[in-house]
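Let's take a walk through a protein model together, one stop at a time. Keep the picture handy and find each residue as we get to it.

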Amino acid sequence: MKRFLGILLVLLLVVSIIGCAPAAQDAADDAASDEPILLGHLTVYTGPFANYGVFFDSAIEYTLRGINENPPLGREVVQLNKDIGTVGESTVARQFVEQDGVTILTGIAADYYSYREWIVEYIGENGLPLMPSIHAGSITADIGGTAEEPLFRGQPMDDNQALIGSLHMFDEGVRSVVIFGVDREEMILQKETAGKACAELGIEVLDEVTIQHSMTYTAEAAAAVALNPDGIILFGQGETGGTLVKNLYEAGFTGKICGETNSTNEEFFNTATQEAISAMEFVRAATYAPAGPDATDPYYAGWNDPDNADVLEGIDNDFNSTYVLSTYDILNATCLAIQEAGSTDPAAWADAMRSVTSPPGKKVYTYAQGIEALQAGEEIDYDG
């Protein structure tokens with residue numbers, strides 16, 4: 001694999017999960033319907049991730065514009081957004097499913113365990129919703145991907161990001177680190193995983209520090225610098241990581257820093273400041289890269305289309321964000337799988353999610369290519 005030596009490291013995410021056979025009657029009902037497919041988006045306008053709300057909404061809107069030019073089964077996909085930051089993910093998920101009757105529920109995140117038992121039972125009784133999501137990397141890999149629990153993740157697992165970051169630090173000659181993680185389930189998982197990985201690699205872990213979101217971190221940065229580490233590994237929201245990098249610089253650190261996907265967004269760079277970043281040996285993040293020009297050329301062409309100017313504003317031109325790329329891919333795959341299954345039945349869809357994104361089949365790089373091939377009766381292998 002070719003490694004990006006700039007801000008990105010390539011991370012290959014391989015998902016292999018077991019599915020079931022389609023339900024013939026449900027497929028026939030879906031194919032005959034002209035009702036829109038409702039997509040409920042668990043978004044964030046309040047709380048620690050409030051700055052991401054419009055960003056995620058826009059990423060979905062951009063992707064659905066392309067999909068709805070030739071929607072699966074001829075049914076337009078309609079986006080609904082609701083904030084989970086105040087009332088919580090579980091409450092809003094129930095509203096979407098029980099009150100709004102959404103077919104697709106996306107944005108599932110770290111609170112999934114709190115309503116998992118209920119939603120699995122609901123799916124068993126009602127045959128919805130389908131659950132593609134780019135979040136919830138802390139949910140263990142053995143969960144989801146079945147007719148009973150049709151949850152598919154479109155982002156690297158959180159522990160995988162920690163492993164890749166640790167390996168990269170070792171490859172770059174780092175032999176001592178301080179590891180920071182925000183006090184959230186997924187980031188504590190990353191911090192602990194990185195600690196174990198570094199120990200296995202022979203990297204001395206001088207300290208593992210749990211921090212709260214939206215603090216100054218002046219004392220924590222000074223304490224870390226006093227330990228004289230070769231490198232810093234950090235796991236936190238963009239603003240958190242950026243603030244920590246700035247304070248590490250002000251405390252005298254100029255070594256090597258590695259984060260995860262949140263360290264690739266504009267908020268991170270703005271908070272860290274260019275002065276602090278430039279002073280370091282490097283500041284990088286464990287994330288992943290697109291498949292190549294066959295996939296990226298059409299993607300970037302969409303961003304250069306004046307008709308998408310309003311979406312560009314919502315994403316603030318951060319179209320290379322792993323969150324946008326993941327949203328684009330998981331929704332394209334979701335809708336191609338609905339077309340392949342001829343149904344929104346979870347059993348048919350879960351099986352089709354694997355078939356449209358794996359060999360054998362005609363290699364396709366966009367939703368438009370994929371839907372055209374499927375409508376012509378061809379098998380496909382979507383590579384985004």
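Is lysine 256 buried or exposed? What you're looking at is a predicted model, and in it lysine 256 has a relative accessible area of 14%. Anything under 20% counts as buried, so lysine 256 is buried. You'll find lysine 256 in strand E10, which covers residues 256-259. Skip its neighbours within four places in sequence, and lysine 256 is in contact with Met169, Glu172, Val174, Asp230, Gly231, Ile232, Glu281 and Phe282. One of those contacts, Phe282, has a story of its own: the charged end of arginine 284 sits over the ring of phenylalanine 282, 4.0 Å from the ring's centre.

Before going further, how far can we trust the picture? The mean pLDDT of the protein chain is 87, and 91% of the residues reach 70 or more. Residues 1-25 are another matter, with pLDDT staying under 50 over that stretch. The model does have 58 contacts beyond four places in sequence for residues 1-25. Still, where pLDDT is low, the predicted coordinates should not be read in detail.

Now for the rings. How many aromatic pairs does the structure hold? There are 15 aromatic pairs. A pair of aromatic rings is described by the distance of the centres and the angle of the planes. Take phenylalanine 56 and tyrosine 323: their ring centres are 5.4 Å apart and their planes meet at 85 degrees, so this pair is edge-to-face. Phenylalanine 56 belongs to helix H2 (residues 53-67) and tyrosine 323 to helix H13 (residues 322-341), so the pair ties together parts of the chain that are 267 residues apart in sequence. Both phenylalanine 56 and tyrosine 323 are buried.

Tryptophan 118 and tyrosine 122 make another aromatic pair, this time a tilted one, with 5.7 Å from centre to centre and 45 degrees between the planes. These two residues sit four apart in helix H4 (residues 116-126), so about one helical turn separates tryptophan 118 from tyrosine 122. Are they buried or exposed? Tryptophan 118 is buried, with a relative accessible area of 15%, and tyrosine 122 counts as buried too, at 16%. Tryptophan 118 also has a charge over its ring: the charged end of arginine 94 sits there, 4.4 Å from the ring's centre.

Rings can gather in bigger groups as well: Tyr62, Tyr299, Tyr300, Trp303 and Tyr328 form one aromatic cluster. Two members of that cluster, Tyr62 and Trp303, lead us to our next stop, valine 311. Leaving out residues up to four places away in sequence, valine 311 touches Ser58, Glu61, Tyr62, Arg65 and Trp303. The C-alpha atoms of valine 311 and serine 58 are separated by 5.4 Å, although the two residues are 253 residues apart along the chain. Valine 311 is part of helix H12, and it is buried, with a relative accessible area of 1%.

Stay in helix H12 (residues 309-315), and you'll also meet glutamate 313. Glutamate 313 is exposed, with a relative accessible area of 65%. So one helix can carry both a buried residue, valine 311, and an exposed one, glutamate 313. The C-alpha atoms of glutamate 313 and threonine 240 are 24 Å apart, with these positions 73 residues apart along the chain.Our last stop is the empty space. Rolling a probe the size of a water molecule over the atoms shows where empty space is left. What is the volume of the largest cavity? The largest cavity has a volume of about 80 Å³. Among the residues lining the largest cavity are His41, Ser133, His135 and our earlier acquaintance Phe56. H2 and H13 each supply at least two residues of that lining, and H13 gives the most, with three.

The second largest pocket has a volume of about 610 Å³. Its lining is made of 33 residues, and Phe49, Ala109, His135, Arg184 and Glu186 lie nearest the centre. Helix H5 (158-171) and helix H6 (185-201) each supply at least two residues of the lining of the second largest pocket. The largest share, three residues, comes from H6.

Conventions: Residues numbered from 1 in each chain as written. Predicted model: local features only at pLDDT ≥ 70, side-chain atom pairs only at ≥ 80, totals over all residues. Heavy atoms only, no water. Phe/Tyr/Trp six-rings, centres within 6.5 Å; stacked < 30°, edge-to-face > 60°. Buried < 20%, exposed > 50% of the residue type's maximum accessible area, 1.4 Å probe, protein only. Lys NZ or Arg CZ within 6 Å of the ring centre and 35° of its normal. pLDDT = per-residue confidence, 0-100. Contact = heavy atoms within 4.5 Å. 1 Å grid on protein atoms, 1.4 Å probe; cavity = no way out; pocket = protein on both sides within 12 Å on 5 of 7 lines; lining within 4 Å. Points joined across faces, edges and corners; volume = space filled by probe spheres on them.
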